[in-house]
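Thanks for asking me to look this over with you. Below are some numbered points to follow while you turn the structure on your screen.

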Amino acid sequence: MGINLEKGQRISLEKIAPGLKSLLCGLGWDVAESKGILGVLKRVPNLDLDASVICLDGQNKLKEAMDVVYFGNLRHSSGAVTHLGDNLTGKGEGDDEQILVSLDQLPPGIKKLVFVVNIYECLSRKQDFSQVNNAFVRLVDRSNNQEIARYYLSGSNYAGMTGMIMAEVYLQDGQWQMAAKGEGFRAKNLQEITQHYR
């Protein structure tokens, strides 16, 4: 069982998983249920969350469009980051979307990975994170399938937020660290999110 992180907490991945080279980032969520006119519980229709990774340099800048791995670009050109596919509903137990990262294969210019979840077509569907429950991010050491750390969104009001920075994995003093973020923002799509890193 990995460490349960709180918002803002940082950990050294090297201390918890010495020699870590390859990890799985799992992201999960549930669609909130609301009471209909007759008091019957119903799920928010067509709530499609998308997980992505934004690969940044040492100045926290996004250099190339290919440095964003998401449902439309499932694999980084280096082969170091692979998105395992889009989940359109959030149904089921466990991870809804998974991203594989080979830390030892990342190009030397990439120093930080930002794990983001945003709501697809949020404006036209009038959806935000108040309609999402139990959102989490977790890291797993792929060499032994042991969970390293997990972070659940909790304790904050995310009404109006259409995207979320869930976590960051970054290189500091030659060692990989993880920060639990839980930072919500308003953006109509992933492209708008990436503009903050240009």
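1. Is Phe71 buried, partly exposed or exposed? Please keep in mind that this is a predicted model. Phe71 has a relative accessible area of 37%, so Phe71 is partly exposed; the buried class would need a value under 20%, and the exposed class one over 50%.

2. Now for the aromatic rings: the structure holds three aromatic pairs. In one of them, Phe71 meets Tyr120 edge-to-face, with 6.0 Å from centre to centre and 90° between the planes. This pair joins distant parts of the chain, 49 residues apart: Phe71 belongs to the loop between β7 and β8, and Tyr120 to the loop between β10 and α2. Tyr120 is partly exposed, at a relative accessible area of 32%.

3. Another pair is made by Phe136 and Tyr152. Their ring centres are 5.7 Å apart and their planes are at 55°, so this pair counts as tilted. It also links distant parts of the chain, with Phe136 in strand β11 and Tyr152 in strand β12, 16 residues apart. The two partners sit in contrasting surroundings: Phe136 is buried at 8% relative accessible area, whereas Tyr152 is partly exposed at 39%.

4. Look once more at the first pair and you will find a further ring. Tyr70, Phe71 and Tyr120 together form one aromatic cluster.

5. Which rings have a charged end sitting over them? The charged end of Arg150 lies over the ring of Phe136, 4.8 Å from its centre. For Lys112, the ring is that of Tyr170, and the charged end is 6.0 Å from the ring centre.

6. Tyr170 also turns up among the neighbours of Gln177. Leaving aside residues up to four places away in sequence, Gln177 touches Ile11, Ser12, Leu13, Glu168, Val169, Tyr170 and Gln172. You can find Gln177 in strand β14, which covers residues 175–185. With a relative accessible area of 11%, Gln177 is buried, because the cut-off for that class is under 20%.

7. Last, have a look at Val68 in strand β7. Val68 is buried, with a relative accessible area of 6%. Beyond residues up to four places away in sequence, its contacts are Val53, Leu62, Asn73, Leu190 and Thr194. Try picking out Ser52 too: the C-alpha atoms of Val68 and Ser52 are separated by 7.1 Å, while the two residues are 16 apart along the chain.

Note on methods. Residues are numbered from 1 along each chain as its sequence is written. This is a predicted model: local features need pLDDT of at least 70, side-chain atom pairs count only at pLDDT 80 or more; totals for chains, interfaces and linings use all residues. Side-chain values use heavy atoms; hydrogens and water are left out. Helices (H or I, at least four residues) and strands (E, at least two) are DSSP runs, numbered from the N terminus. Buried means under 20% relative accessible area, exposed over 50%, partly exposed in between (1.4 Å probe, protein chains only). Contact means heavy atoms within 4.5 Å. Rings of Phe, Tyr and Trp (its six-membered ring) pair if their centres lie within 6.5 Å; planes under 30 degrees apart count as stacked, over 60 as edge-to-face and the rest as tilted. A charge sits over a ring if NZ of Lys or CZ of Arg is within 6 Å of the ring centre and within 35 degrees of the ring normal.
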